Amino acid sequence: LNGETTTRIIKGNEREHFELQGSYLRVVGELDRERVSKYNLTLQATDKGQPARSSTNSLIVIVNDVNDHSPQFEFVTYHTELSELAPLGSFVAGITATDNDTGLNAQLTYTILSGNDLEWFSIDQKTGLVTTIKKLDRETTSRVILKIEAKDGNLQQSRRSYTNITIEIWDENDEAPVFTSNTYSVTFTEGTRSGTEVTTVSATD
């Protein structure tokens with residue numbers, strides 16, 4: 001009897017996620033690394049002698065991360081305004097997302113998927129910072145809607161999320177008036193009465 005022992009978990013299993021079946025430790029509850037990433041179980045082995053003797057030991061259980069969370073953007077959609085005279089490299093917006101996973105599963109990459117046909121904007125793949133890379137022209141378009149993707153770093157099965165940023169382009173007084181004709185020539189006779197209409201000139205802006 002002195003050589004027969006029973007083992008039980010005496011500490012660290014308050015959530016009842018584990019169970020000892022003989023000498024085997026089994027998972028009996030749902031593990032969630034985002035809630036508990038490590039368990040420190042205290043095991044006690046007791047023999048059947050008289051008097052009984054016991055000893056304790058620790059068992060550390062590390063819960064590995066699985067890619068079970070998608071990136072979450074700070075806002076559902078983004079909106080900003082920008083002057084058409086904004087210099088190259090001007091700040092447009094900071095697009096940020098978070099991922100509750102860890103390691104590569106939480107490393108995000110940002111990409112402009114659509115809406116950048118004029119190639120006016122770029123996004124930093126690591127930080128999500130959107131800037132101008134070309135001169136803007138409100139006369140070409142007054143609004144740009146970019147679709148942004150955030151993708152995690154899992155190489156086998158990445159998770160992705162999407163958002164839109166609407167950029168309104170302000171109009172600036174960057175165009176001088178233009179006459180409809182390069183030169184005007186008028187002929188009239190002397191003695192023409194005051195108030196007589198001579199010709200019509202026009203300009204556009």
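User: How many helices and how many strands are there in the protein?
Analyst: In this predicted model, local features need pLDDT of at least 70 and side-chain atom pairs count only at pLDDT 80 or more, whereas totals for chains, interfaces and linings use all residues. Residues are numbered from 1 along each chain as its sequence is written, and side-chain values use heavy atoms, with hydrogens and water left out. With helices (H or I, at least four residues) and strands (E, at least two) taken as DSSP runs numbered from the N terminus, the protein has zero helices and 16 strands.

User: What is the radius of gyration of the protein, and what does the globule rule give for 205 residues?
Analyst: The radius is taken over C-alpha atoms, and the globule rule is 2.2 Å times the number of residues to the power 0.38. Along the principal axes, the C-alpha atoms fill a box of roughly 140 × 30 × 20 Å. The protein is more spread out than a compact globule, because its radius of gyration is well over the value from the rule: 36 Å against 17 Å.

User: Which strands hold E149 and R160, and how many residues apart in sequence are the parts that this pair ties together?
Analyst: E149 and R160 form a salt bridge (a side-chain nitrogen of Lys or Arg within 4 Å of a carboxyl oxygen of Asp or Glu), their closest N and O atoms being 3.1 Å apart. E149 lies in strand β13 and R160 in strand β14 (residues 160-170), so the pair ties together parts whose separation in sequence is 11 residues.

User: Is E149 buried or exposed?
Analyst: Buried means under 20% relative accessible area, exposed means over 50%, and partly exposed lies in between, with a 1.4 Å probe and protein chains only. R160, the partner of E149 in the salt bridge, is partly exposed at 39%. E149 has a relative accessible area of 7% and is therefore buried.

User: Which loops hold E119 and K134?
Analyst: E119 forms a salt bridge with K134, with 3.5 Å between the closest N and O atoms. The pair ties together parts that are 15 residues apart in sequence, because E119 lies in the loop between β10 (109-114) and β11 (121-123), and K134 in the loop between β12 (129-132) and β13 (143-151).

User: What is the relative accessible area of R35?
Analyst: R35 forms a salt bridge with D32, the closest N and O atoms being 3.8 Å apart. D32 counts as partly exposed at 25% relative accessibility, whereas R35 is exposed, with a relative accessible area of 70%.
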